[in-house]
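Hi,

Here is the structure I promised to pass on. Have a look at it first, and then read my notes underneath.

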Amino acid sequence: MLEKMDIERLDAEAVNSQKQRQVLYAPRKKIFPKRASGGFRRFKWLIMAITLGIYYLVPWLRWDRGGYAPDQAVLIDIANRRFYFFFIEIWPQEFFYVAGLLVMAGLGLFLLTSTVGRAWCGYTCPQTVWVDLFLVVERAIEGDRNARIKLDKESYSPRKLVLRTTKHVIWLLIAVATGGAWIFYFADAPTLLVDVFTGQAEIVAYSTIACLTATTYIFGGLMREQVCTYMCPWPRIQAAMLDEASLTVTYNDWRGEPRSRHAKKSAAQGAVVGDCVDCNACVAVCPMGIDIRDGQQLECITCALCIDACDGVMDKLGRERGLISYTTLNDYNANMALATAGGTQPIDPARVRTPDGKLAATLRHISLASFLRPRTLLYAALWSLVGIGLVYALVTRDRLDVNVLHDRNPQFVMLSDGSVRNGYTLKILNMIAKPRVMAVRIEGLPQSSVAIAGNEAQGDGTFLVPVEPDRLRSLKVFVTQPRHVADKQVQTFRFVIEDTEGPETKTYTATFQAPGGSK
Amino acid sequence: MHDPHKDPHLDELSGVSTTGHEWDGIKELNNPLPRWWVVSFYACIVWALVYTVFYPAWPLLTSATTGVLGYSSRADVRSELAAAEAARSGYVAAIKAADMQQILADETLRTVATAAGSAAFKVNCIQCHGSGAQGSKGFPNLNDDDWLWGGTPEQILTTIAHGVRAPEDADTHVSEMPAFGDILKPEEIASVATFVADLSNGTGFPEETAPGAQIFAQNCASCHGDRGEGNQEMGAPNLADSLSLLVDGEEAIAAQIRAPKHGVMPAWGGRLGDVTVKELAAYVYSLGGGK
């Protein structure tokens with residue numbers, strides 16, 4: 001009866017399988033991934049929609065900052081050295097937030113990989129997402145796997161020329177749109193869009209579009225799986241990240257082997273028969289061109305499409321899903337031990353089934369315990385710690401900052417009445433998008449007087465200094481002390497800068513230098 | 001895979017065919033370069049040839065081909081300098097039109113002039129006045145408030161523009177202290193030197209009956225003032241303040257009285273032009289000693 005089932009046997013072969021390892025210089029074997037359908041495929045569509053949506057739409061979000069700063073929600077303003085992210089504005093000296101986010105991304109990747117394996121590769125890596133997108137176009141124009149293979153073998157005809165040209169033109173358009181979207185993160189998007197189309201944009205905008213167009217088209221359209229296999233370091237780092245409790249896409253040969261193309265006949269002849277009917281569906285859908293039944297391998301990005309393909313076949317056969325599944329090495333080994341009677345016998349799928357044909361209850365499946373391990377908990381704790389630290393730093397950060405540079409050449413100046421003068425460059429940073437007036441005074445230097453170029457002191461000796469929104473104001477400050485008071489080589493005192501309308505105050509301890517000793 | 005009987009050049013160990021060349025039994029494996037590499041390589045060669053058509057490249061006997069684009073890095077620099085010049089032309093015009101008070105009153109103009117003056121100072125002035133304008137013996141410190149020829153912005157401008165004892169400028173500051181070695185007796189010089197040294201020690205003007213007071217009143221006060229306060233009209237230094245340009249100690253003062261040394265500064269107006277001199281004046285004024 002099984003032979004009567006409509007199981008298409010696909011003529012698919014892994015490009016570089018263990019059994020037929022090709023030489024390093026072998027020309028590339030083309031891969032024509034078949035369309036898969038199922039839960040993981042739907043999940044990947046969703047991820048693709050979300051990631052592409054974020055990428056293309058975020059620069060167009062607006063965020064009102066009160067007229068003194070750009071109203072683009074996410075903007076990397078390199079010319080003015082500001083980074084805007086919704087309600088957060090980051091100055092260059094606060095770049096450690098970005099470094100912190102990168103540390104979190106790193107730890108997050110460790111956490112993700114040690115639990116669910118190469119989920120980044122399989123679902124969210126731009127290479128995966130764009131290759132998926134390019135394959136959608138390819139299938140829409142040239143058809144699915146068999147049609148594409150046939151077309152590829154044909155000699156060039158007008159039809160093939162039209163199909164190929166259309167495909168590459170659409171790929172190039174997607175590539176241009178990819179490069180085009182990138183530049184909007186660096187300037188006001190609506191203005192730049194008009195500038196780009198009217199030829200008014202900076203040359204760097206066009207060259208960025210050109211570069212990203214080329215990389216998107218070449219990586220996503222032409223090189224595809226070769227980028228992952230030969231160029232990307234991440235597959236190599238996997239070896240250190242995965243352990244026996246990490247989820248990987250696994251062919252469960254403890255129930256699949258021995259595979260048979262004519263299961264019923266073989267069974268009738270008394271042979272041991274596993275669940276795998278060797279239909280090659282898993283190979284045909286693989287965008288990396290591998291055979292997952294060869295075991296875990298560097299090329300596998302764990303996109304899980306082979307799971308979908310195999311589940312579809314199992315459904316038709318009336319078998320349980322999960323011949324190919326997300327499994328940890330621990331579970332796999334336990335189940336394998338069951339199927340081989342502890343490794344003493346060849347695989348006999350009958351050992352993992354109850355007499356009435358159901359899968360045995362003693363089989364191990366994904367459990368929460370595989371996620372909660374000291375290693376993953378440590379990653380999660382570190383990740384949260386950095387995150388909490390960043391949030392704390394962000395909430396408590398200063399929006400008023402002061403830097404004082406003491407003149408070094410000369411360090412002090414003797415005046416004609418014998419007094420000593422020191423010069424300072426006072427830099428006041430108003431880090432909010434509102435104009436503010438700062439009250440500047442000094443504390444702790446007896447009998448001193450202060451002069452600021454272009455600014456008159458108030459009655460109480462403070463100076464009122466207006467600072468533009470989101471700007472640094474640099475002031476030249478002269479502090480003078482009578483000679484008989486300035487009897488030490490170095491005295492310390494404080495600059496005090498107060499926001500006249502808000503609670504923020506900043507002090508800076510500076511030194512006052514004199515020749516020393518009284519004359 | 002290849003059948004060794006069909007391909008006589010196949011190396012059995014590696015499964016790769018050989019080039020057919022053989023040296024003492026050693027054969028060369030035929031592992032061709034990847035096609036993308038070869039394509040890139042030829043593309044680079046084509047690129048280089050095309051480049052030589054468009055850009056200066058081929059050497060000739062006395063020059064080189066200029067390329068059809070007519071590019072030259074000198075022209076690039078010229079246009080960049082012209083662009084920079086054009087960018088600051090607005091400020092230059094404003095500084096040219098304004099007097100010193102207007103420049104100092106306008107924050108933007110003051111900032112621009114001070115920055116430009118700082119740059120010009122580092123090229124033209126630090127050789128004598130020092131990189132921090134702190135001067136040295138014989139060369140005035142421009143940071144302090146002791147001025148030979150006046151410390152208002154206008155006076156500073158005049159001094160920079162016309163120089164001091166500059167032979168090339170008719171309006172330059174000129175004055176000369178007589179060599180009192182020929183006029184006064186050595187003991188008179190010694191006593192007036194003691195008097196002048198006391199002037200600047202911070203204890204106030206010495207008694208009128210002090211030795212040297214009379215000699216000072218008769219010979220020195222006409223230029224240096226009755227109380228030694230100096231006279232900026234003729235560049236006569238203030239002798240009563242705690243700063244001195246040339247000398248410290250009685251012997252050095254006596255030497256200056258006997259055979260005075262005079263500072264000289266070139267007139268910069270003709271060399272640097274009106275605008276740069278104003279910028280220099282703004283910078284010197286910004287050092288904090290200006291009046």
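A bit of vocabulary to start: two residues are in contact if their C-beta atoms, placed from the backbone, lie within 7 Å. Helices (H or I, at least four residues) and strands (E, at least two) are DSSP runs, numbered from the N terminus. This is a predicted model, where local features need pLDDT of at least 70 and side-chain atom pairs count only at pLDDT 80 or more, while totals for chains, interfaces and linings use all residues. Residues are numbered from 1 along each chain as its sequence is written, and chains are lettered from A and ligands numbered from 1 in the order in which they are written.

Let's begin with helix α7 of chain B, residues 186-199. Its 14 residues should span 20 Å (1.5 Å times one less than the number of residues), and the end C-alpha atoms are indeed 20 Å apart. Among its buried residues (20 or more other C-beta atoms within 10 Å of their own C-beta, placed from the backbone) are B:Ile189, B:Phe195 and B:Leu199. The cover over the buried residues of α7(B) includes α8 (213-219) and α10 (250-258) of chain B.

Now for where the chains meet. Chain A puts 17 residues into the contact and chain B puts in 20. On the chain A side, β7 (413-414), β8 (420-430) and β12 (471-481) each give two or more residues.

Finally, an automatic or database assignment divides chain A into domain 1 (29-236), domain 2 (243-366) and domain 3 (400-513). The contact between domain 1 and domain 3 of chain A takes five residues from each.

Cheers

Terms used:
A residue is buried if 20 or more other C-beta atoms lie within 10 Å of its own, exposed if 12 or fewer, and partly exposed in between; C-beta atoms are placed from the backbone.
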